[in-house]
Every structure is written in structure tokens, then in C-alpha cells.
Protein chains: 2
Amino acid sequence: MPSEEVERRLREAYEKDFHFEDGHVLGSMCSKPEELAVKYHALFSEANLGNRGLYPGTAMLEDELISDISELVHLRNGWGQFVGGGTEANITAMWIARNLSGKKKILAPESAHFSMKKAADLLGMELVDVPLDDGYRMDADALESRIEEDVAAVMGVAGSTELGTVDPIDEISGIAGDIFLHVDAAFGGMVLPFLEELGIWRGNWDFRVEGVDSMSLDLHKMGMATVPSGILLLRNREYVGPISVESPYLTTERNIGLAGTRPSGAVAGAYAAIKSMGREGYRDIVRRCMDNTRYLVEKMWAVGFEPVIEPVTNVVAFRTDDAERIRAEMDRKGWKISVIRRPRAIRIVVMPYVTKEVIEQFTEVLSDALKSL
Amino acid sequence: MPSEEVERRLREAYEKDFHFEDGHVLGSMCSKPEELAVKYHALFSEANLGNRGLYPGTAMLEDELISDISELVHLRNGWGQFVGGGTEANITAMWIARNLSGKKKILAPESAHFSMKKAADLLGMELVDVPLDDGYRMDADALESRIEEDVAAVMGVAGSTELGTVDPIDEISGIAGDIFLHVDAAFGGMVLPFLEELGIWRGNWDFRVEGVDSMSLDLHKMGMATVPSGILLLRNREYVGPISVESPYLTTERNIGLAGTRPSGAVAGAYAAIKSMGREGYRDIVRRCMDNTRYLVEKMWAVGFEPVIEPVTNVVAFRTDDAERIRAEMDRKGWKISVIRRPRAIRIVVMPYVTKEVIEQFTEVLSDALKSL
């Protein structure tokens, strides 16, 4: 097919997609990557850290980024790797926990991301739900009553998908003792450190808690990097032993982790974003997102919606028994929101592209939509 | 950090990497993506098919590509999905086979990619090696003797990593009967159809064989697309049932496969490559690679190396007990080749950037290197 025709079709497809900049996407945790991230992702598009010896430059970038992100979440002398995203990081952490312990049970809050179900099924493990407390955080007492001999891992969430809540990681660690403890900070990892710096929120949720063994953290969510910029961090480099295989025909003797070929343009992209924005840049973004989250809550009260909880991060849900109908009606009007089931609510992620102006438009359209329900 | 400094560092890192265009990379199965692929990957960099409802345009591109590639490998009314690469596709296929059968054993040729070890370990399955015949293909008799009640899957390779060989898939299928049969065509999938069209090789290795249930095929290898452009193809859409989980807060009710967020710029990139090159473009590339493979064999004979087998695809290995020392010495001279262990040999993948000129330079440098060993 002539290139012109191919390009025409691609542009046509592009027009059909929703774009964050249109401002009508209110239910995604991904972000429009920084321009510089896209540029350097493209330049490094042939790199493959699965064959690390060929890419000493990209490997250097990865090491430096892992070091920066480790510092952000207070990990010292640990180990980390770029992965495909939070799901792969969660699966890999559970894979490690299972292989280290020889045990099969995972204790996870009811608010855990659905990737934990995948992880358990893939790995032949058993996912045990731990109920939540009134604040929709893992209930520590309920966790304690479920600790048994056969537990391979306990996991907590730092920035839950549905409500943006943070589990009491220090309390959980106290209860888990020597059991492998994983923190899913896929969303919160690039939010909570800045909430702390801004003095908006304080918590003991990262590697400062000595019992934390691993963490997932996505830079393509609040990190303004390109997909796939997932990161898996481990307290101890030796944890990778049981998930490595021999790779005789590559430039390294052992291949670590789940993926073979590793998408590495994203590493350069993330480097461009993280380094050029700096902590200050991210702090500003988080400040703005939290301002806008409060603004949204205010506007939603005016339309008659109560938030399920006072938002901790820039994820907020509003109670309504009509969640599914509202979602469908807003969809017809070209607005993409999402729903959660417990409690029944509509959910909005106040990403950087969800500006005050977008919020005003949204609440107006919503107010209209409610009349026709 | 100022953008200029960030960009300076990124360019410095880029210079440290090996690049396919330098022509000194002779052991990688990845390729320099088409320029148009890189361009459209970048344009679609915010797309995420893990949340398909937001990206109807990208979803359309994926459907069309899956349909094109299905046709190429003679799959009708099947199902397919872009995935992170051959490893993820192999893992997912074994995940399906295990969940459909409730069984644990995988029969795979000794030549299977190391991702099969990962798959077996992750999934709690048992990988049973099936010996190879004189041509380094899975030995059908050996397979037959290993068929038992508890086999979840049989897998064969179409374009092996070490020697580029193709297992006798039709024979294997006859022996496997109703057992789930997976074909790893990560490399061969974009080579073998064109070898057939060119009349260079003929084999019954794809979905023409009725017993084949799934296939992995990478477009970032011989497809000139960007990483990650892995594809998993399934004979039957219903196979995804046991690997789907509920995803209430996304735009689709169920999330299928291993990944959550799915890197989807690569889908647009692959579309650009596949559509603009067309079958004719790929046929030309394969013809050239095979010409150059023959040229390499000729030149290597002159230096005193015998190929392990007459190459079937553009992967070729040369016997030598000094493989590891030769690899190290060539490494010092800035050439990246790889080694295999059984038989001891050095291995070269004649990708499109490995031109006749590169081959001439390489054999000269190798000839020199041998003197100092």
C-alpha cells in the first residue's frame, strides 16, 4: 500500500481515539507523555535491555533512573528493573515471593488491583481477600486473623485504583513479620512522595518501612513517561535468583524477570521526563491535581454528589446507585468516566489534563444528563 | 535539570549503545524499525489497548493487523492480540493450555527458547525436554514416547533461536492428537511464509495444520516494527475465557491476557510497517537475508568454519570448540556475535542490516582474531 494511504488510515484511526488533551477522559490513570519523552523513546526505539550487553548506554540510563526512583521511595542498596507495567511488576513480585517461600497464599486487600487475580491464577497461588476498614484501607485486625503458616506474601496498596487510598503499610508490616511484603504503588508511587513534600499528606508507606520487600511503580501514570514504563523495585538484589533463567545466546548469562525482549525506548523516554521535570516539576503537577480534585469535589457537591471518602490522592469516587446509567449516559455525550462497585459510585481520576475548565464543563454536562435519567 | 543537559546525556548514552546500522551486531534477532513505524508509534504513544473503549481507532488497527497476520499463517476465524513479545505470548499460551486442561506437563523440544522455562516455572508446570533428531528438529518418535495422560501442551518451534530450524509441526500434531499444540514462530513467523512464496522452502508449520491451537509471532524481529510488537494468535476465541478477569473500572468488562496497560503505540507502528512494506516488501527482505546467509556460509567455509546445519532460515551457527573464546575476542574488536552450547558453535543472525559488505568485514576480522587465539 502506498505510504500516503497508510498514513491517511493511521491519521483516521488517530482521530477516532479519545485523547487526554480533549479533556473528556476522566477515568484513565495514564497520562499524555512529555514531548521530550516521546522524542527520546523514538530515538532509542531499537534498544532492547533484554540483551543488555548491546546497550550499555541505555543500561546506564536505566540504572540512573532506578537509583533516582529508589531514592524517592527511600530504598537503599536495593535492585530495580523497568517492566511492562504495574501488572507485570505485581506478577513478578508474587513470583519471587512464591519461589522464595515455597508457599501459595497471598493476603491482599479487597481494594487490590485486578492484576492480583491474574498473578494468583498464573502462579497457582491463592488470593485471600482481606476486608477494608471504614476508610477503605486494609483492615489490620482482619489481616492479623488471616496470618497463617502457608502465607507466601502480604500485599498492600499505596494509591488504590478505585479510591486512591493508601493501606497502613507500617501496621501491615508489623503484622506480616518475616512474610514477603509487596506494595503496589503503580499509581501512588509518583504521587505520595510529592504529597509528603507539599505537606498535604503524611504516611509511612514505602521502603522506610523495614518489612517492605518490593514495590511496583508506574512512570507512565503520574510520571509523564511513555508506556511501558513500569518499575519493579526489590529490597534485595538476591531476590532475583529464583526468577532468572540461563540465556546462553544473549550478551548476559542470565535473563531476569518475566519479559524476554524488554521495551527500552521507554527507558530513554522516562529519563527525559524524570530528569527534565525534576522533583519540583512533579511536585507542581501533584499540587495542581490535588487542587483540581478539591475543586471537583466542591462542584460535585453542588450537583448533589457526595465523595465516598475525602480524597487522599487525585482519584475520587462519588456515591450513586445509578453509577452504571450515569456512565452510559455520559458516554453517549462523549465523556469517559468509570464506575466502581463497592460502594456503587462513579469514579474520576484527576490527571493533569483534567483542568478546572474541564471540571466545569463536565459537571455542567453531568447536571444535564441527570435530568434525562 | 535543564532540558539541554538532559538531551546531552541522552545523546551520550545513545552513542554508547551498539546500533544495528553500524553493522557490528550479528547476534540479535531484533531489527531497526521502519522510519514510518517509529513515527506512528510516537504519534500513538498515549494509546492503551488495555482500556480498549477509549481507543476505537487503535483497536481497529489492531484488528486489521491481526487479520492480516492471521491470513499470512492461514488462521481463519481465530483470535489474536498484540502482546509484549514472544516470551509473553509463550507464557500466555501455556497459561491457556494449563487452565483448559487442568494438567501440568509441557512437552517441548530441547531447542525451545528459554522463555519456556520461565513459563513452566511461573505456571507451576513441568517442562519435559524432547530430544532432537539429526537435523536439530524435535524428534517425533521421542515425542510419541513421552505422550501421557497428564500432558497439558505440546509445543514446537518454527524458526528456532539457536539454529533457525523448524520442527515437523504436522507430524507433531498427529502425535499430539487433542492435546493443546502451540507453535513458537516468534522469529520464523515473518520469515517462513516468504520462504514459501519464494519457493526456497516448504513446510506444513502453521494453522494449515489443524491441530495447531496457538502461535506466537514477533513483528519487532523480522517485521521491521517497533518493540513491543509481539502477537499471540489463537485458533479459537473461546480459549481466552480462562485467562480473563473482571475489570469493572475500565471501558471493557473483562481484561484479557497477561498485561494490564498494553503498549499500543507499537500497534500503530506495526501497522505502518506491515501496510507500507506489504508482502512484497517482506519477501524482498527475506530473499536478501537468505542470499546473505548463503554468502556468509561460503565466506565462513573459506575461513575454516562448517555450519552446524545447512541454514533453513537466516540464523546460522558454525561449529567450533573455541566458541566462547572467539566470542570474547570478537567482542574486544567491537563485533557482537553469540554462541550456542549444543553443539558448541558461534551463532549469527543474518538480519537485514547484515549486508554482504558487513559479512566481508566480519570474516576478515574473524580471520585475524583466530591468529591471536
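Two residues count as touching here if their C-beta atoms, placed from the backbone, lie within 7 Å. By that yardstick, in this predicted model, 81 residues of chain A are in contact with 81 residues of chain B.

Several elements of chain A each put at least two residues into the side that touches chain B, among them helix 1, helix 9, strand 8 and strand 11. Helix 1 of chain A contributes the most, with seven residues. By residue class, that side of chain A looks like this:

| Class | Residues of chain A on the side touching chain B |
|---|---|
| Nonpolar | 40 residues |
| Polar | 27 residues |
| Charged | 14 residues |

Now for chain A by itself. Its secondary structure adds up to eleven helices and twelve strands. The radius of gyration of chain A is 21 Å, close to the 21 Å the globule rule gives for 373 residues, so chain A is as compact as a globular protein of that length. Its C-alpha trace spans about 65 × 65 × 40 Å along the principal axes. Of the 373 residues in chain A, 60% count as buried. As for contacts in chain A with a separation of 6 or more, 73% come from residues 24 or more positions apart.

Over in chain B, helix 10 (residues 323-332) has Ala323(B), Ile326(B) and Met330(B) as its buried residues. They sit on the same side of helix 10 of chain B, because they cover an arc of only 65° around the axis. That fits the general pattern: an α-helix has 3.6 residues a turn, so residues three or four places apart point the same way. The cover over these buried residues includes strand 11, strand 12 and helix 11 of chain B. Just after helix 10 of chain B, Gly334(B) adopts a positive phi of about 90°.

How values were computed
Residues are numbered from 1 along each chain as its sequence is written. Chains are lettered from A and ligands numbered from 1 in the order in which they are written. This is a predicted model: local features need pLDDT of at least 70, side-chain atom pairs count only at pLDDT 80 or more; totals for chains, interfaces and linings use all residues. Helices (H or I, at least four residues) and strands (E, at least two) are DSSP runs, numbered from the N terminus. Ala, Val, Leu, Ile, Met, Phe, Trp, Tyr, Cys and Pro count as nonpolar, Asp, Glu, Lys and Arg as charged, and the others, Gly among them, as polar. A residue is buried if 20 or more other C-beta atoms lie within 10 Å of its own, exposed if 12 or fewer, and partly exposed in between; C-beta atoms are placed from the backbone. The arc is that of the directions from the helix axis to the C-beta atoms. The radius of gyration is taken over C-alpha atoms; the globule rule is 2.2 Å times the number of residues to the power 0.38.
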